[in-house]
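Good morning. Please have the sequence and the model open, and we will go through them together.

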Amino acid sequence: MERQVNPQWSQWIGYSIRMLLFVTGLGLVLSFCLLPVLWQLVTALKPTAELVTLPPLLPTVPTLDHFRSVFMDRPFARILFNSTGVALLTTLVCLVLGTPAAFALAKLRVPGQRLILLSILAVSMFPPIAIVGSLFLLIRLLHLRDTWWALILADATFALPLTIWVMTSFLRDIPDDLLRAARVDGCTTLQALLYVFLPVVAPGLTTAVLLTFVFTWNEFLFALTFTATDAARTVPVEIALFPGLHEVPWGEMAAAAMLVTVPLLILMLVAQRHIVAGLTAGAVKG
Amino acid sequence: MARVQLRGVTKDYDRTKAVDDLTLDIAEGEFLTLLGGSGCGKSTTLHLIAGLEPPSAGHILFDDVDVTSLSPRERNVAVVFQSYALYPHKTVAENLAFPLRMGRVATADIQARVHEIARLLQIEALLERKPRQLSGGQQQRVALGRALIRRPRVFLLDEPLSNLDARLRVALRQELKTLHQTVRTTLVYVTHDQEEAMVLSDRIAVMHAGKIVQCASPRVIYTAPASRTVAELVGSPPINILDITIDGMTLVLPGGTRVKVPAAHRAWLAPLPPHFHLGIRPEHLFLTAESGLACATVRQVEHLGKDMHIILDAELYTLTVRKEADESIQQGETVSWNWDWAHLLCFDQEYGTRLVPGTSEGP
């Protein structure tokens, strides 16, 4: 007797297979992204004795010792303050300089517009290692070594072009008539930017701010090169300097890493709706 | 309210002349329309009057005072844009108030004026909404309100109705006319829609390639167009144009049909060149049982209610006839047609300029 396959049944099988593949794929990607973070968390909470042994996979007695020692035995509070300060100030500088520049490039008649935009892009394309030497000389000349300003200046070499590019693409999508309307209504160009364009482009602005902040927060090479003491040293460098001559304090490094990741995670979660709106608004003409 | 004068105004963009040596006088309180196809320079002219762009040459005067170098704010002009250009992050009330706020008007006055304008335009119920929560027609009213609120000297509208659907367009067109009669501000209106221009304007300035081809009342533009371009731009359905050759006292139509010019119109023939373009509006053509000029086949019949359009195919030309609705005319039948000799328009074949019959005018 011939076997009858119920068409509905076969449809259901097809659907299940697709679902299974989707879930597996999703699981793989998620594990790839999240497992290292979880591993860090587990490490941060493990007592020192269990750090280099397996099992146990999970800490038998979770401990906050590593977090305590990060703050007690090291100038970590100062370092966190440096990181926050440098990242915030860099972001601020980039916004204050970059937004008007982007506005001019996107909406005003600037001779050589394309050339300017391309050179800005070119600047951000230099690998940091290629410019770190000459930047070092410049910063020594300006007596800025070991100060926040050394890092802000150096970080701006990639953060400012980034801001300008992101903001230019956002501002370009806003119709020209809006600028004309603002001018007819009595705005100067600057007022048009402040009262009309910035509020309209707020999602884009959030994206630019976050990208700049995250890039600066994570920046390593400049921070390593231009700082010698904890006066201006930032978190990534400090963590890299944790290992001593004879031992690598895995627990403390993990604890410190968690401490600098969590603020970013919170920031991203809070702003994620804006970012998604911002990214799509920039990509799709509305 | 102001009298606006343009004196030899030119605007160059890179290599093209968007506006070419334009001179135009707009009377105080007048409704003037700049009519033309896309790229004719009408929007640029509007931007020049507004002060959004500096002219490359020439002067712009408001009430005999040179305002060429003044900003839009200093000129006290208001503009309504095709896209409305409402501020999307502001409520309707804030949109209306913005020009006043930028002009440092006291808050109490702003409140009063916002409500006054909202009442005038019947948008009081919408004051707390954001522009994206409004329909196209409502956005249009808000844009009008934002322009009117400052009591501008000149009111400039750039295709304000073209983003609306047909029914709403007609309704708002009437409102706009009423509004202008209420506020009596000098108004410059840009459009490519000849019907809007005809209905609304005191005068129409027809633009082509950066120049004004003709500036006159809608009636004159329609009945006595200065050129073939103007004649073809206004009127719906468009004017019929025929290639005519003169042979003694007869006109030769395309395809060879000969039309004897009646004695009463002989004088009309005298100054015309041997070859010219003849323009006849659809309503000046009629079908006749006998003694027509020529015969043609009915290709299509369009009923519009009271009127109808009949499209005729003759030997080498087509004609559109407009007449009162009549069920007896069928597609495919052969009819005889005639024209109204008093309403023929003649245009130079090469330059398109109108050749005024009976006079020696022409190129």
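Let me start with a question: leaving aside its neighbours within four places in sequence, which residues is B:Ala205 in contact with? This is a predicted model, and in it B:Ala205 is in contact with B:Leu24, B:Leu32, B:Thr33, B:Leu34 and B:Leu35. B:Ile212 and B:Cys215 complete that list.

B:Ala205 also belongs to the largest nonpolar core, which has 127 residues. B:Ala205 is among those with the most contacts inside this core, together with B:Val79, B:Leu156, B:Val188 and B:Val206. The element that gives the most to the core is in chain A: helix H6, residues 148-172, with 14 residues. There is also a second, separate core of 13 residues. Its members include A:Val235, A:Ile239, A:Ala255 and A:Val260.

Now chain A as a whole. How many helices and how many strands does chain A have? The count is 12 helices and 0 strands, so reading from the N terminus you meet α at each step.

Next, the overall dimensions. The C-alpha atoms of chain A fill a box of roughly 80 × 70 × 35 Å along the principal axes. The radius of gyration of chain A is 25 Å, whereas a compact globule of 286 residues would have one near 19 Å.

Two percentages to finish. Of the 286 residues in chain A, 34% count as buried. As for contacts in chain A between residues at least 6 apart in sequence, 78% of them join residues at least 24 apart.

Methods: Residues are numbered from 1 along each chain as its sequence is written. Chains are lettered from A and ligands numbered from 1 in the order in which they are written. This is a predicted model: local features need pLDDT of at least 70, side-chain atom pairs count only at pLDDT 80 or more; totals for chains, interfaces and linings use all residues. Helices (H or I, at least four residues) and strands (E, at least two) are DSSP runs, numbered from the N terminus. The radius of gyration is taken over C-alpha atoms; the globule rule is 2.2 Å times the number of residues to the power 0.38. A residue is buried if 20 or more other C-beta atoms lie within 10 Å of its own, exposed if 12 or fewer, and partly exposed in between; C-beta atoms are placed from the backbone. Two residues are in contact if their C-beta atoms, placed from the backbone, lie within 7 Å. A nonpolar core is a set of buried Ala, Val, Leu, Ile, Met, Phe, Trp, Tyr and Cys residues joined through C-beta atoms within 7 Å.
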